[in-house]
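Me: I've got a model open and I'd like to learn how to read its features. Can you walk me through a few?

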Amino acid sequence: MEIVSIESKTFEEMEQAFLAFRQKLQKLCNRRPQKKMDEWLDNQETCGILNISPRTLQSLRSNGTLAYTQVERRSYYRKQDVMRLLEMAGIKPSKTIQP
């Protein structure tokens with residue numbers, strides 16, 4: 001283990017810089033409205049609504065037909081994107097989606 005020694009004034013300046021950075025970051029986070037998880041569908045829900053297999057869902061992601069977001073290796077889909085895909089295909093959802 002290596003010990004690094006700095007002047008107290010330098011430490012205080014660093015601390016103030018980190019606090020200023022934290023405040024700016026919080027302001028940025030508060031600018032955009034939080035996206036609620038109830039607006040997103042996971043793989044299983046999406047497959048059920050579209051009545052397709054996980055492999056077909058993978059194909060829709062791969063060819064860009066259905067937009068998705070990945071969080072820690074899990075894929076999520078916006079409800080409105082899934083509904084738009086159904087409308088384009090002229091298919092009624094096999095499961096009910098709450099708006």
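Reply: Sure. Keep in mind that this is a predicted model. Let's start with the strands.

Me: Okay, which strands pair with β3, and in what sense?

Reply: Strands count as paired if DSSP finds at least two bridges between them. Here β1, residues 40-42, runs antiparallel to β3, residues 74-78, with three bridges. Strand β2, residues 69-71, also pairs with β3 in the antiparallel sense, again over three bridges.

Me: Which residue in β3 is the bridge partner of Asp42? And what stands opposite Val71?

Reply: Asp42 is bridged to Tyr76, while Val71 faces Arg74 of β3.

Me: How many residues lie between β2 and β3 in the hairpin?

Reply: Two residues link them, and Glu72 in that turn has a positive phi, about 45°.

Me: Now the rings. How many aromatic pairs does a search of the whole structure find?

Reply: Zero. A ring can still have a charge over it, though: for Arg, the test asks for CZ within 6 Å of the ring centre and within 35 degrees of the ring normal. Arg61 does this with Tyr68, its charged end sitting 5.5 Å from the centre of the ring.

Me: Last one: where is Asp81, and is it buried or exposed?

Reply: Asp81 belongs to helix α4, residues 79-89. Buried means under 20% relative accessible area. Asp81 has 5%, so it counts as buried.

Me: What is Asp81 in contact with, leaving aside neighbours within four places in sequence?

Reply: With those left out, Asp81 touches Leu66 and Ala67.

Terms used:
Residues are numbered from 1 along each chain as its sequence is written. This is a predicted model: local features need pLDDT of at least 70, side-chain atom pairs count only at pLDDT 80 or more; totals for chains, interfaces and linings use all residues. Side-chain values use heavy atoms; hydrogens and water are left out. Rings of Phe, Tyr and Trp (its six-membered ring) pair if their centres lie within 6.5 Å; planes under 30 degrees apart count as stacked, over 60 as edge-to-face and the rest as tilted. Helices (H or I, at least four residues) and strands (E, at least two) are DSSP runs, numbered from the N terminus. Buried means under 20% relative accessible area, exposed over 50%, partly exposed in between (1.4 Å probe, protein chains only). Contact means heavy atoms within 4.5 Å.
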